[in-house]
Amino acid sequence: MTIVLSGLALGAVYALVAIGYNIVFISSSTFNFAQAQLMMVGTFVAYTGLVTWDLPVIVVALLAAAVVAVIAGIEDLTAVWPVKDRHTQLVTTLGVATLLGGACQLIWGNQPLSVPFLSYNDPVDFLGGRTYPVELALIAAAVLLVAVLTWLSKRTMLGQALIGISEDTEAATLRGISVRKLALGAFVFSGALAGVLGLLVGPKTFAVATLGTALAIKGFVALAIGGFGSLPGCLIGGFVVGLAESLTALHWGAQYSSLMVFAVLLVLLLARPTGLFGRTAERVV
């Protein structure tokens, strides 16, 4: 059970990255390659606030949300909005991801920095296994976030407007929905969310300049397994990736973990090209 809990916690990290991908994708059909790097910045801000400046957790959470939200907003205004072509946006957001990785390396260096989790992080017994409180918090955060965002998307006007934009941007515009403002708002919200989640992800992964690249790849795999546009799919996809990594490392060695993850992705996409919860879009020719 210990290895299962560890795999679920790792999968929750990937799921949180995939959720950020999906928030932006649903609102603007843009795949933000820099989403994982935004979360990486959140872990560094968490380290600086908690360790260097010794600030209260709530202040650090607000600070991380504000800093990363501003960065995400600038990214949208400079690397996404001026570029109308979706394929070119992949290149520009990848450029932002590279820029953020380099900036973090210059500011905080190459060494992994330990981000503390509240004031208590000794192992605890849970469902017959041993785990850390931060791992339980990650799993709970991923499940709760998917539940809240799913409820908001179905029960609020804002959520309905975002779904309308994802299905038909032109029709949404004709109905009076401000597509541009909602797209910018989604970018800023995904950035603020990534900043706050840095306080949970940092204690699990450390704050390190290579974190963004590692999370980006596995977060994308989680999104592809679950299906683009599906929030529950992000959660399931993340858990599948995390469990595949942990169980493979236990039975065959850590060197085969990534190989098994991509093998699972290949098999699932061969069976369901749109992912477990993805939908096939119909187009009139």
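**Close-up views of a predicted model**

**View 1. Helix H3 and its packing partners.** Helix H3 (residues 57–80) comprises 24 residues, and its first and last C-alpha atoms lie 32 Å apart, close to the 34 Å expected at 1.5 Å a residue. The model shown in this and the following views is predicted. Buried positions in H3 include the alanines Ala 61, Ala 64, Ala 65, Ala 69, Ala 72 and Ala 79. Val 60, Val 68, Val 80 and Gly 73 of H3 are buried as well, and so are the acidic residues Glu 75 and Asp 76. The buried residues of this helix pack against helix H2 (35–52), helix H4 (86–108) and helix H8 (179–205).

**View 2. Helix H10 and its two ends.** Helix H10 (residues 231–251) contains 21 residues, for which a span of 30 Å is expected at 1.5 Å a residue; the end C-alpha atoms are 31 Å apart, in agreement with that value. At the N-terminal end, Ser 230 acts as a cap, with a side-chain oxygen 2.9 Å from the backbone nitrogen of Gly 233. After H10 comes Gly 253, which has a positive phi, near 115°.

**View 3. The largest nonpolar core, around Met 39.** In soluble globular proteins, nonpolar side chains tend to be buried together. The largest nonpolar core of this model has 71 residues, and Leu 16, Ile 19, Met 39 and Leu 215 are the members that touch the most others. Helix H1 (residues 2–28) supplies the largest share of this core, with 13 residues. Leaving aside residues up to four places away in sequence, Met 39 is in contact with Leu 16, Val 17, Ala 194, Leu 197, Gly 198, Val 201 and Leu 215. Another core, of 5 residues, lies apart from the largest one and includes Ala 161, Ile 165, Ala 172 and Leu 182.

**View 4. An aromatic cluster.** A pair of aromatic rings is described by the distance of the centres and the angle of the planes. The structure holds 7 aromatic pairs. The ring centres of Phe 31 and Phe 33 are 4.9 Å apart and the planes meet at 80°, so this pair is edge-to-face, the angle being over 60 degrees. Phe 31 is buried, at 8% relative accessible area, whereas Phe 33 is partly exposed, at 29%. The rings of Phe 220 and Phe 228 are also edge-to-face, with centres 6.2 Å apart and planes at 70°. Phe 220 is partly exposed, with a relative accessible area of 34%, and Phe 228 is likewise partly exposed, at 34%. These four residues form one aromatic cluster together with Tyr 21 and Phe 25.

**View 5. Surroundings of Thr 131.** Thr 131 belongs to strand S2 (residues 129–131). Its relative accessibility is 2%, below the 20% limit, and the residue therefore counts as buried. The side chain of Thr 131 makes a polar contact of 2.6 Å with the side chain of Glu 135. Beyond residues up to four places away in sequence, Thr 131 touches Leu 5, Asp 122, Pro 123, Val 124, Phe 126 and Leu 136. Val 4 is 127 residues from Thr 131 along the chain, and the C-alpha atoms of these two residues are separated by 9.8 Å.

**View 6. Two buried cysteines.** Cys 104 is buried, with a relative accessible area of 3%, and Cys 234 is buried at 0%. A disulfide is a covalent bond between the sulfur atoms of two cysteines. With a cut-off of 2.5 Å between cysteine sulfur atoms, the number of disulfides in the model is 0.

Conventions
Residues are numbered from 1 along each chain as its sequence is written. Side-chain values use heavy atoms; hydrogens and water are left out. Helices (H or I, at least four residues) and strands (E, at least two) are DSSP runs, numbered from the N terminus. Buried means under 20% relative accessible area, exposed over 50%, partly exposed in between (1.4 Å probe, protein chains only). Contact means heavy atoms within 4.5 Å. A polar contact is a pair of N or O atoms within 3.5 Å; within protein, one must be able to donate a hydrogen and the other to accept it, and residues adjacent in sequence count only if both atoms are side-chain atoms. The expected span of a helix is 1.5 Å times one less than its number of residues. A nonpolar core is a set of buried Ala, Val, Leu, Ile, Met, Phe, Trp, Tyr and Cys residues joined through side-chain atoms within 4.5 Å. Rings of Phe, Tyr and Trp (its six-membered ring) pair if their centres lie within 6.5 Å; planes under 30 degrees apart count as stacked, over 60 as edge-to-face and the rest as tilted.
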